[in-house]
Amino acid sequence: MPSTYALVGSAEEISSSRSAKIQAAFKFASVSLTTEEGPTKMATSKNLELVKNGTAIIGQSNSILRYVAELDSSKSLRGSTELAEGQVDQWLEFTWGEIEVPLEALKVTTATGEIATGEIDSALRAKVKEDVVRNLCILDTHLLSKTFLVGDNVTIADISLACALSGSGWELVGGDAPTNVKRWFNTMINQPELGGAASTPSSSSSSSSSSSSTPSGSILFGGEAPYVTPNLFRRTRLRVKELFNTAPTLIGQTITVKGWARTLRLADKGKIIFLELNDGSCNESVQCVLGVETTTGFDGAKNAGGVGSSFSVTGEIVASQGSGQSVELKALKVETLGTVMNKETYPMSKKAHTLEHLRQHAHLRPRSKVHAAAMRIRHAMAFATHKFFNDSGFLYIHTPIITCADCEGAGEQFGITTMLGTDPHKTDVKLKYFEEEEKKSEAEAEAEAAAEGGAAQVELGEDGKPKESVKARKRREKAEKKAAANKAAGKDVKKEEVEEEKEVKIIGAVDYTSDFFGKRANLTVSGQLNVETHCCALSDVYTFGPTFRAENSHTTRHLAEFWMIEPEVAFADLNDDVDLAEDYIKYCVKYALDVCAEDIAFFETSPFGEEGLKERLLNVLESPFKRLTYTEGIKLLQGVVEGGHKFENSEIVWGMDLGSEHERYLCEKLFKKPVVLTDYPKEIKAFYMKLNEDGKTVAAADILVPKIGELVGGSQREHRHDVLLERCKEMNIDEKAVWWYLELRKFGTVPHAGFGLGFERLVLFITGLENIRDVIPFPRTPGVAAY
């Protein structure tokens, strides 16, 4: 007779995730199980106990799981080896302590004995979510190249974790769970054995609601993106970051790491090599211990040139004998991939280098700790940017790099042309210029008129040119009358007329009509004007790309090539714009603190970073940004000067363009947090910013942050056609060059707003570095473009 099994516990326990994982484990083991509500009998049972053939045999959910796993050893639910069994046990304990217990804290027993989750204090809920998501990030790195937690098959560790996260648990953390965890969870809930045990939070409710609210055959808009599952691509190595994240579970395993030598030192008279290998995935390096008698390839590594040489090392993970890291790699085989041919001339030797030295060797500076950390944070901020706007319902628009318009009207643009040829050493390059037309002789004028079918005799004026014909005069007078009528009616020149109008000829100026685009073209200083076109049709959009400015500046805050993030929001005003910018900045700061904790800690202690960096970043999150008008800011600064403070420019007057010293004083000294200045004088802001009712200021906003000064510049855009046209004239903007931008205001105009954020300044703000040239791979500044 086969044994019968029953799970006994209270009604509350039978419906818990602990019971669910036991029921699921029985299904995976292909053993029948019934559930019974009732008191447990064993002292060790606590809440649940397993009854076999009428006798209670074991209590506690994880102990029951281990028992079930042994019922059918062929299923390998406990792992296929002793090492795997130990790893399964570790993941069981991880799930219990780091996932189950925190999620259980969200359950409150009501006076009637029922479980309620909606009455939980919001602060507790947020704290639990933060803790669980952080623990899932640890799990994420482990799952990077794995389908299941241990081995190639489902184990009780997978079952336990899937059931712990199901239902309200996934509802709380699923949206913020990292990619690999989502992929793993999706794999688990699609296991047939988990069909009734673990489910997504709304698997039942969502299906019922969708069936009732969505007509048959209709399309559901949106949907969840597919998980990234590498079906073909597999790394032949374990990244150093993943090694340290999962170090306790790797002890005793043989793995391969690959990277570059940060240090390489000999010991025991050259019989042992201590090699610190780094692959750029994190700041830490793994110590590899090579022995002359135990490591194949020892001599090749010894003669590879030391620091900077590259290796593939295969060996066993063991507990570290020294301090500084928990594990090290006992090398069995080392393969030298690339040697340093002359270590005396290698620019990135072990000794400390200045940031200027690193900039001079930009092709090798990624191997330095400071630049590698800056690039990891730069990547994180780019990813956070796309995630923030994507999850907020924005569309990413690719705006052009080549433009014939000057967004800011500053004239500091890089021109591009094909008129110089392709050979930089050509000596006879000649540009075409506009020249005065030669005066025609009487005979030439008569011949030209005859060729055009005109009269043989053409009357010439005093300048020697033919006088205006009657037909030409009539055409001109008719065009002038039409233009006057249009002007009186508030109308503009038609698009077709503008397009047909030839470039204005200025004698002595370069003639671009024979150039590639038929006119002067430049590298863009901003994608804003272009992205506004899509805002006025797709509502909420953003662009994120390189921009260029030919400003001959050598300061630590300026680059000739830099990246801009520029969102545009339809049906929005300045307050909406500032709210969006504040949310975005805070999200990026939170993302950096959560995801880049190791690199933030590095910059706090680095001589190139900033002491107290984490505290400064946390301060950004803790309170709302201070908002005040430009006029109020001027008055505050004037009061500071009257009180005895000296600025480099202490002449504070309304209408001035504030300098970095003034901006930083406001946010660093007066308010000690980010400050939003609004309603600037129209004379110092761009033509496209909405004119306020006072006629003196525009609906503009700059966000000033400690250490940087201005981080964000934004505004509500001028959507009134007549006002925008007048602003073009005031700011000397050629309306013909932006006819398409003006035309947006003629066909279904809407209020809209947006801002621009310099990406390098954001990375500078997050890292605490001082020079903007250190947060971009290849800085472009006056006289510098070697790489």
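E730 counts as partly exposed in this predicted model, because its relative accessibility is 41%, a value that lies between the cut-offs of 20% for buried and 50% for exposed residues. The side chain of E730 meets that of K682 in a salt bridge, with a distance of 3.8 Å from N to O. K682 lies in the loop between β19 (675-681) and β20 (697-705), whereas E730 belongs to helix α24 (residues 721-730), so the salt bridge ties together parts of the chain that are 48 residues apart in sequence. The two partners fall into separate classes of accessibility, because K682, at 15% relative accessibility, counts as buried, while E730, at 41%, counts as partly exposed.

Salt bridges that share partners also occur in this model, and they join R66, E70, R78, D89 and E93 into one network. A search of the whole structure finds 33 salt bridges. For the pair K21 and E100, whose side chains meet in a salt bridge at 2.8 Å from N to O, distant parts of the chain are linked, since K21 sits in helix α2 (residues 17-28) and E100 in helix α4 (residues 82-104), 79 residues apart. Both ends of this bridge are buried under the 20% cut-off, because K21 has a relative accessibility of 1% and E100 one of 4%.

The salt bridge between K75 and D72 offers another case, in which the closest N and O atoms are 3.9 Å apart. Here K75 counts as partly exposed because its relative accessibility is 30%, and D72 is likewise partly exposed, with a relative accessible area of 21%.

These pairs can be placed within the chain as a whole, which has 26 helices and 22 strands. Of the 787 residues in the protein chain, 44% are buried, and the chain exposes about 41,000 Å², of which carbon and sulfur atoms supply 52%. Among the contacts in the protein chain with a separation of 6 or more, 68% are accounted for by residues 24 or more positions apart.

Turning to the strands, one finds a closed barrel of 5 strands that runs β7-β8-β9-β11-β10, with mixed pairing. Neighbouring strands of this sheet are turned by 50° against each other on average, when direction is ignored. In general, the strands of a sheet pair through backbone hydrogen bonds, and the pairing may be either parallel or antiparallel. Strand β8 (residues 272-278) and strand β9 (residues 286-291) run antiparallel and are joined by 6 bridges; at the level of single residues, I273 has L290 in β9 as its bridge partner.

A further element to follow is helix α18 (residues 528-538), in which Q528, L529, N530, V531, E532 and C535 are buried. The cover over these buried residues includes the strands β16 (540-548), β17 (561-570) and β22 (752-758), together with helix α25 (739-743). After α18 comes S539, whose phi is positive, near 80°.

Technical notes: Residues are numbered from 1 along each chain as its sequence is written. This is a predicted model: local features need pLDDT of at least 70, side-chain atom pairs count only at pLDDT 80 or more; totals for chains, interfaces and linings use all residues. Side-chain values use heavy atoms; hydrogens and water are left out. Buried means under 20% relative accessible area, exposed over 50%, partly exposed in between (1.4 Å probe, protein chains only). Helices (H or I, at least four residues) and strands (E, at least two) are DSSP runs, numbered from the N terminus. Contact means heavy atoms within 4.5 Å. Accessible areas come from the Shrake-Rupley method with a 1.4 Å probe; for residues, only the protein chains shown count as cover. A salt bridge is a side-chain nitrogen of Lys or Arg within 4 Å of a carboxyl oxygen of Asp or Glu. Two strands pair if DSSP finds at least two bridges between them. Axes are lines fitted to C-alpha atoms, for helices over the stretch in contact, and angles run from 0 to 180 degrees between N-to-C directions.
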